[in-house]
Amino acid sequence: MAANLTPQYLQAEEAYRAARTPEEKLAALEEMWRELPKHKSSEKLQAELKKKLSATRKEIQEGTKKGHSKADPFAIPKSGAGQVVLIGTPNAGKSSIVGGLTKAHVTIAEFPFSTALPVPGMVPFEDIKIELVDTPPVTAEHVPTGFPGLWRMTDALVVVVDVAGDSVLEDAETCLTHLANRQIELADGQHKHLDDASAVLKMPGFVLANKVDLPAAADNLGLLREFLGDKARIEPISTRDTEQLARLPRLLFDLIDVIRVYAKPPGKKPDLDDPFILPAGSDVHALAHKVYRGLEHQVRSARLWGHGVVDGQNVHLDHVLHDKDIVELHM
Ligand SMILES: Nc1nc2c(ncn2[C@@H]2O[C@H](COP(=O)(O)OP(=O)(O)O)[C@@H](O)[C@H]2O)c(=O)[nH]1
Ligand SMILES: [Mg+2]
């Protein structure tokens, strides 16, 4: 096994193992390839990956040619700084949330099952965009085919509950039970990770208690809090209230667990329009890897403007970066 595999690599590898369609596999393999340190000690792994990549590409191509590739509608390629998937029972307000925050064409209706397929939209947050996926509903009896694959692949989950309805606790329970049946739990303030001891996939996520504008919501919200205890954080919202809706992008940003780092060429101004997105907890070396893909070992030193340092302070390559740090990499 090659040394120095990045956390991103390991995460992509896990996504590869969870992948159910050739498209999902390819996306994970491509991420693994990007994240694999390209040096001598990883040559064997590089060769293996290349083989898997070309086999998977062939599989997709042949499937398309024969015309019977069952393209999985739930294999939603990730785009933007991170991906958040909604899960909820019929009429919880999932489509209203995606429709209110993005330009995606979603169907909002007072009848159930109006959303048949997942629909991704891009949520603007400051200088980045976060992908938010509207999804068909789950019920106690039914989970759309392919949906659980998306739960594993995505970066974060938001359980949407109609807190003014007459089955608030059942609805929350339905969603959390489907997740638990697939060894998935919401984990507040943690990185997405597989808990080795329990084999449970811990997903960043919370319960969005929607429709708090309706009278029944107040009492139900208290019941829901009691019911969930410390199993999940609750964020109350009404999609009818633009101010409340406007709080969501920040909450989504916190969920996807990334930082924005601006690279600054020596002697020049930083490019503040186009941050590099890194997993939270990444160090200068991880940034160098992202900027110089494969040549990062040539980066010898770095200067930093941002969290906890004096402007322009020299930092080690293992210095942990924070959101909005500006870094000057020196070869
Ligand atoms: N009063 C109220 N109604 C809402 C709210 N959010 C959504 N709705 C309504 O609830 C119904 C279902 O919404 P929709 O977004 O289609 O739910 P979905 O099935 O989860 O996608 C629609 O009639 C919406 O207008 C809210 O915050 N307050
Ligand atoms: Mg819908």
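1. Start at asparagine 210: an N or O atom in its side chain sits 3.1 Å from an oxygen atom of ligand 1. Keep in mind as you look that this is a predicted model.

2. Two other side chains reach ligand 1 in a similar way. Lysine 94 places a polar side-chain atom 2.7 Å from an oxygen atom of the ligand, and for arginine 240 the distance from a polar side-chain atom to a ligand oxygen is 2.8 Å. How much of ligand 1 does the protein bury? On its own the ligand exposes 580 Å², and the protein buries 92% of that.

3. Now for the neighbours. Ligand 1 has 17 residues around it, and the closest are Gly93, Lys94, Ser96, Asp213 and Thr239. Sorted by class, the shell holds eight polar, five charged and four nonpolar residues.

4. Which helix gives the largest share of that shell? Helix α4, residues 94-101, supplies three residues. Lysine 94, whose side chain you met above, belongs to the stretch that α4 covers.

5. As for where the ligand sits, the space taken by ligand 1 is the second largest pocket.

6. Moving along the chain, have a look at helix α9, which runs over residues 248-256. Is this helix mostly covered or mostly open? Mostly covered: seven of its nine residues are buried. Those are Leu248, Pro249, Leu251, Leu252, Phe253, Leu255 and Ile256.

7. Don't stop at the end of α9, though. Aspartate 257 follows the helix, and its phi is positive, near 65°.

Key. Residues are numbered from 1 along each chain as its sequence is written. Chains are lettered from A and ligands numbered from 1 in the order in which they are written. This is a predicted model: local features need pLDDT of at least 70, side-chain atom pairs count only at pLDDT 80 or more; totals for chains, interfaces and linings use all residues. Side-chain values use heavy atoms; hydrogens and water are left out. Buried means under 20% relative accessible area, exposed over 50%, partly exposed in between (1.4 Å probe, protein chains only). Helices (H or I, at least four residues) and strands (E, at least two) are DSSP runs, numbered from the N terminus. A residue is near a molecule or strand if one of its heavy atoms lies within 4 Å of it. A polar contact is a pair of N or O atoms within 3.5 Å; within protein, one must be able to donate a hydrogen and the other to accept it, and residues adjacent in sequence count only if both atoms are side-chain atoms. Accessible areas come from the Shrake-Rupley method with a 1.4 Å probe; for residues, only the protein chains shown count as cover. On a 1 Å grid over the protein atoms alone, a cavity is a set of points where a 1.4 Å probe fits but cannot get out, and a pocket is an open set with protein on both sides within 12 Å along at least five of seven lines; lining residues have an atom within 4 Å of a point. A molecule sits in a cavity or pocket if more than half of its atoms lie within 2 Å of its grid points. Ala, Val, Leu, Ile, Met, Phe, Trp, Tyr, Cys and Pro count as nonpolar, Asp, Glu, Lys and Arg as charged, and the others, Gly among them, as polar.
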